[in-house]
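Thank you all for coming. I would like to take a few minutes to walk through one protein, beginning with its overall build and then turning to a few individual residues.

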Amino acid sequence: MKKLAMTMVSALVLGTTLFAQAIPGSGLIKGAQAGEAKNLTGAGATFPAVLYSKWFSEYNKLTGVQVNYQSIGSGGGIKSISDMTVDFGATDGPMTDEQLAAAKGGEIVHIPAAMGAVVPTYNIPELAKVKDSLKFTPETLAGIYLGEIVKWNDDKLVADNPVLKNVNKYIVVARRSDGSGTTNIWTSYLAAVSESWAKKVGAGNSVQWPVGLGGKGNEGVAGVVKQTPYSIGYVELAYANQNKLAVGQVKNKAGKFITPNMKTASLAAQGVTLPEDMRVKLVNSDNTEAFPIVGFTWLLAYTNQTDPSKALALTRMLWWATHDGQQYCEALDYAPLPVDAIKKSEVLIKKIQVNGKQALPESISK
């Protein structure tokens, strides 16, 4: 994995040619293809929206295909693909067996797109010029979101952050108001590390929050935190960095306080046995250097397509995203897919058929 990470970083520095060599299967889509649709529609997760915006802009330049993506939250993405109102959906929380069974168009595959860290972000005016990040433990994060830790100078927070000793202010908790895969990752982590959270709240795209002000999308929560003194929220790392918000360190399973970044997010998948359908959670990793609140984000597509031109455009886009598109991840605060995830994505993309035949051109899938 260390050698792979070095190869990827080198590729990002030297350009797409070297990157294409780093991931077999890259560089196979060189331009437009006769017979493919010129427009695709998708909707869903806000978590990867920063990355998808870059992807679909670059893909349009390369192929002429316009990908219209609406960042409406993972819940909306699942509903949209289930109702067959979009060509593809997007989610950070895998669909449940019940949701998959209820989808109108038949079998849906989860194509891994990238990995990212969901981070605690905060706004404490007294710390505006303090360089060191606050440190959070599983107990303090669960306590804050359960409404049991209500002030910034609570002894449990001060134990790891002496700088909070004189911040005698109530904590304003921000969380998502919409169905959210980011929430799924965050609550899955809290459920994994806190028995009390697991029993009282649980995990999912939507939960019954004990406390908090709701914001729609990652951008909504980032906005609440940015505008509200003494607040704390959770967002994908890219949104925290874009909004210049303070980002906390989190103690992992090994007892180390870890700063979220591309490297520490990537390590969360190291050593994980990935299932064939790629519906897997990566929170609370056993890796001693991994940030503990990490997840995949997926693109959702039906395996049985009815429009040949759409199927061609969709599968070519999915292939490009999971191969060539990975070169854009690091600069936008996402972690590229590990090689084993890319290999599994190839199998899933090849499952997509139209009129009983593989939709992805054989020239790409050989």
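How many helices and strands are there in the protein? There are 15 helices and 15 strands, where helices (H or I, at least four residues) and strands (E, at least two) are DSSP runs numbered from the N terminus. Before going further, I should say that this is a predicted model, in which local features need pLDDT of at least 70 and side-chain atom pairs count only at pLDDT 80 or more, while totals for chains, interfaces and linings use all residues. Residues are numbered from 1 along each chain as its sequence is written, and side-chain values use heavy atoms, with hydrogens and water left out.

Let me start with the overall dimensions. Along the principal axes, the C-alpha atoms of the protein fill a box of roughly 65 × 45 × 35 Å. The radius of gyration, taken over C-alpha atoms, is compared with a globule rule of 2.2 Å times the number of residues to the power 0.38; because a compact globule of 366 residues would have a value near 21 Å, the 21 Å of the protein agrees with it.

Next, the packing. Of the 366 residues, 57% count as buried, where buried means under 20% relative accessible area, exposed over 50%, and partly exposed in between, with a 1.4 Å probe and protein chains only. If we take contacts (heavy atoms within 4.5 Å) with a separation of 6 or more, residues 24 or more positions apart account for 75% of them.

Now to the backbone, and a general remark first: most residues other than glycine have a negative phi. M84, although not a glycine, has a positive phi of about 65°, and this residue is found in the loop between α4 (74–82) and β3 (88–91). M278 also has a positive phi of about 65°, and its place is the loop between α12 (262–266) and β12 (294–302).

Are these two methionines buried or exposed? M84 counts as partly exposed because its relative accessibility is 48%, whereas M278, at 0%, counts as buried.

Finally, I would point to N161, which is found in the loop between α7 (155–158) and β6 (172–176) and is buried, with a relative accessible area of 4%. Which residues does N161 contact, leaving aside its neighbours within four places in sequence? They are S133, L134 and K135, and a polar atom of the N161 side chain lies 2.7 Å from the backbone nitrogen of K135.

Technical notes:
Polar contact = N/O pair within 3.5 Å; in protein donor to acceptor, adjacent residues only side chain to side chain.
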